[in-house]
Amino acid sequence: MEQIKIDNINPYVRFAKLKSQSISFMENIIPQGNAPDWRLFIVENGRMGVCIDGERISVSKNSLIIIPPKTPYYFFKPTSIDGNRIVVLLHIFNFDLLSNEQSKSRPPLSPTKKETQETERYENVTLGEFSPFFIGTASSKVKEYLDDLRVKKSLEQSDLDTTICSCLLKLALLEIVKNPANEQDSSDLISAITTYVASNISKNFKIKQMADDLFFHPFYISKVFKSAMHISLHEYIIQERLLYAKYLLVNTDDSIEQISNKSGFVNVTHFCKQFNKHFSISPSKYRKRNAP
C-alpha cells in the first residue's frame with residue numbers, strides 16, 4: 001500500500017452525521033469486520049469502549065478516533081460503567097483520502113451495519129500519521145471544522161459543496177496532525193495524570209491501566225506527557241515512587257521490603273536497583289545517612 005503525505009490528500013467525504021448510539025452489555029455496535037474506508041469518530045457525550053484491531057480502549061467526551069481501512073473495530077460497553085445499557089452521542093465521518101470517480105461511485109455505508117470485506121473496496125493509499133490508528137482529543141478548532149463539514153454535507157447538492165466538504169475535512173486532519181493536543185487539553189491531562197500517580201503511588205499500576213481509568217489511549221497520554229514535561233511518563237512514575245520511598249526511609253521504621261511494596265515496586269530487587277541508579281546510593285545507606 002502506498003503511503004502519501006497528508007499535504008497531498010484530497011479527501012472524499014462519504015458520510016457525516018451526529019448519531020446517538022445505544023450500547024448494551026456484551027453488544028457490539030459494529031460486528032467484527034474490516035471498515036472499507038477511513039472512519040473518524042468524536043465522542044460528543046458519554047463514555048464507551050472501542051476495540052481496534054484487538055486492542056480495547058476506553059474513550060469519553062471529546063475523544064477523537066481515526067481508523068484506517070482494513071482495520072477491524074467495534075464499540076462496546078466497558079464493565080467499569082454501571083448498568084446494562086449506555087447511550088453515547090457520536091460524530092461519525094466516513095471518507096477516502098483521494099476523491100475520484102471510484103470514491104464517488106461507492107454508496108455511503110452506515111457504521112452500525114456489518115461491513116463487507118471485499119478487497120476491491122479499499123483504497124491503495126494510507127497516511128503514516130494515523131497508522132495503525134489514532135486516539136486523541138478533539139480540539140475546539142477541529143470540532144469547528146467538522147461541525148461545518150457535517151452541516152455542509154447534509155445540504156450537499158453540487159460539486160462545489162463536495163469540494164468544500166473535502167477542504168473542511170483536510171483542514172481538520174491537518175490540525176489534528178499539527179496539534180494532537182491543544183494547550184488546555186494538555187494541561188488538564190497532565191494534571192489528571194499527576195493526580196492519578198500521587199493517589200495510586202503504592203499500587204503497582206501499568207500505564208495502560210492508568211490510561212483506561214482516565215479514558216485515553218496509552219500512547220496518547222505518554223506522547224502528551226513527554227511533550228509537556230520533557231520526561232517520559234514511565235520515568236516520571238519511577239521518580240515519584242522513589243521520592244515517596246525516600247520519605248518513608250527517613251520518616252518510618254518500615255523495612256526496605258515494606259517500603260518497596262508501599263512505593264509500588266514489583267519487588268525489592270527492582271526497587272534497590274532503581275534507587276541506586278537514580279541516587280548513587282543504596283536505600284539502607286541513604287536511611288543511615290539521613291536518620292534523625
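**Exercise 1. Is F265 buried or exposed, and what about F271?**

Start with F265: its relative accessibility is 5%, so F265 counts as buried. The cut-offs are these: buried is under 20% relative accessible area, exposed is over 50%, and partly exposed lies in between (1.4 Å probe, protein chains only). Next take F271, which counts as buried because its relative accessibility is 0%.

A quick note on what you're looking at: this is a predicted model, where local features need pLDDT of at least 70 and side-chain atom pairs count only at pLDDT 80 or more, while totals for chains, interfaces and linings use all residues. Residues are numbered from 1 along each chain as its sequence is written, and side-chain values use heavy atoms, with hydrogens and water left out.

**Exercise 2. What kind of aromatic pair do F265 and F271 form?**

Here's the rule: rings of Phe, Tyr and Trp (its six-membered ring) pair if their centres lie within 6.5 Å; planes under 30 degrees apart are stacked, over 60 edge-to-face, and the rest tilted. That rule gives twelve aromatic pairs. For F265 and F271, the centres are 5.2 Å apart and the planes make an angle of 50°, so the pair is tilted. Now widen the view: F265 and F271 belong to one aromatic cluster with F275, F279 and Y286.

**Exercise 3. Which lysine lies over the face of F279?**

A charge sits over a ring if NZ of Lys or CZ of Arg is within 6 Å of the ring centre and within 35 degrees of the ring normal. K246 fits, at 3.9 Å from the ring centre of F279. Elsewhere, K153 lies over the face of Y12, at 5.4 Å from the ring centre.

**Exercise 4. Where are the buried residues of α6 around its axis?**

First, find the helix: α6 covers residues 218–229. (Helices, H or I with at least four residues, and strands, E with at least two, are DSSP runs numbered from the N terminus.) Then list its buried residues: P218, Y220, I221, V224 and F225. They span an arc of only 165° around the axis, so they sit on the same side of α6; that arc is taken from the directions from the helix axis to the C-beta atoms. Turned away from this buried side is a face carrying the exposed residues F219 and S227. Last, step past the helix: H230 follows α6 and has a positive phi, near 60°.

Technical notes:
Expected span 1.5 Å × (residues − 1).
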